[in-house]
Amino acid sequence: MRGRGIFVDANLLVLLAVGLTDRRLIEKHKPLKQFSTDDYDRLIEIISQVKRVFVMPNTLTEASNLLAQHREPQRSRSSAHFEM
C-alpha cells in the first residue's frame, strides 16, 4: 500500500531536480555537497512509495535560489522540472 504523501524541503527538492537533470551533477552542485547519488536513489525510492509530494511556496522559492547557483545550461535544465 502506498503512503498518502510527504513534504519535501528545499534541499531535497534541489536534489530531485538536479538528479532528474543529470545524476553526475549532484556531486558538482555546491548546495548539494552533503548528498550523494545514493541519497538521490533513496529519495526516488521514497517518492515512488507515496501518492503525492507536497511543497510549500517558500520551499519553491528557496529551491529556485539554490538552483540559481549552478551555471547554465544546467541551471535552466534543472529549473525546468518546476514548470507547471
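Buried here means under 20% relative accessible area. With that in hand, let's walk through this predicted model.

Q: How many of the 12 residues of α1 are buried?
A: Under the 20% cut-off, the buried residues of α1 are Ala10, Leu13, Val14, Leu15, Leu16, Ala17, Val18, Gly19 and Thr21. The helix is therefore mostly covered, as the cut-off for buried is met by this many of its 12 residues: 9.

Q: What distance separates the end C-alpha atoms of α1?
A: Helix α1 has 12 residues, and at 1.5 Å a residue it should span 16 Å. The model agrees with that expectation, because its end C-alpha atoms lie apart by 16 Å.

Q: Which helix gives the largest share of the largest nonpolar core?
A: This core has 18 residues, and Val14, Leu15, Val18, Ile26 and Leu32 touch the most other members. At least two residues come from each of α1 (10–21), α2 (37–47) and α3 (57–67). The largest share, 7 residues, is supplied by α1.

Q: Which residues does Ile26 touch, leaving aside those up to four places away in sequence?
A: Ile26 is one of the core members with the most contacts to other members. Beyond its sequence neighbours up to four places away, its partners are Leu15, Val18, Gly19, Leu32, Phe35, Ser36, Thr37 and Tyr40.

Q: Is Phe54 buried or partly exposed?
A: Phe54 sits in strand β2 (residues 50–54). Together with Phe7 and Met56 it forms a nonpolar surface patch with about 310 Å² of accessible area. Its relative accessibility is 32%, so Phe54 counts as partly exposed.

Conventions. Residues are numbered from 1 along each chain as its sequence is written. This is a predicted model: local features need pLDDT of at least 70, side-chain atom pairs count only at pLDDT 80 or more; totals for chains, interfaces and linings use all residues. Side-chain values use heavy atoms; hydrogens and water are left out. A nonpolar core is a set of buried Ala, Val, Leu, Ile, Met, Phe, Trp, Tyr and Cys residues joined through side-chain atoms within 4.5 Å. Buried means under 20% relative accessible area, exposed over 50%, partly exposed in between (1.4 Å probe, protein chains only). Helices (H or I, at least four residues) and strands (E, at least two) are DSSP runs, numbered from the N terminus. Contact means heavy atoms within 4.5 Å. Patches are made of residues with over 30% relative accessible area and no salt bridge: like charges are joined within 9 Å, nonpolar side chains (Val, Leu, Ile, Met, Phe, Trp, Tyr) within 5 Å. Accessible areas come from the Shrake-Rupley method with a 1.4 Å probe; for residues, only the protein chains shown count as cover. A salt bridge is a side-chain nitrogen of Lys or Arg within 4 Å of a carboxyl oxygen of Asp or Glu. The expected span of a helix is 1.5 Å times one less than its number of residues.
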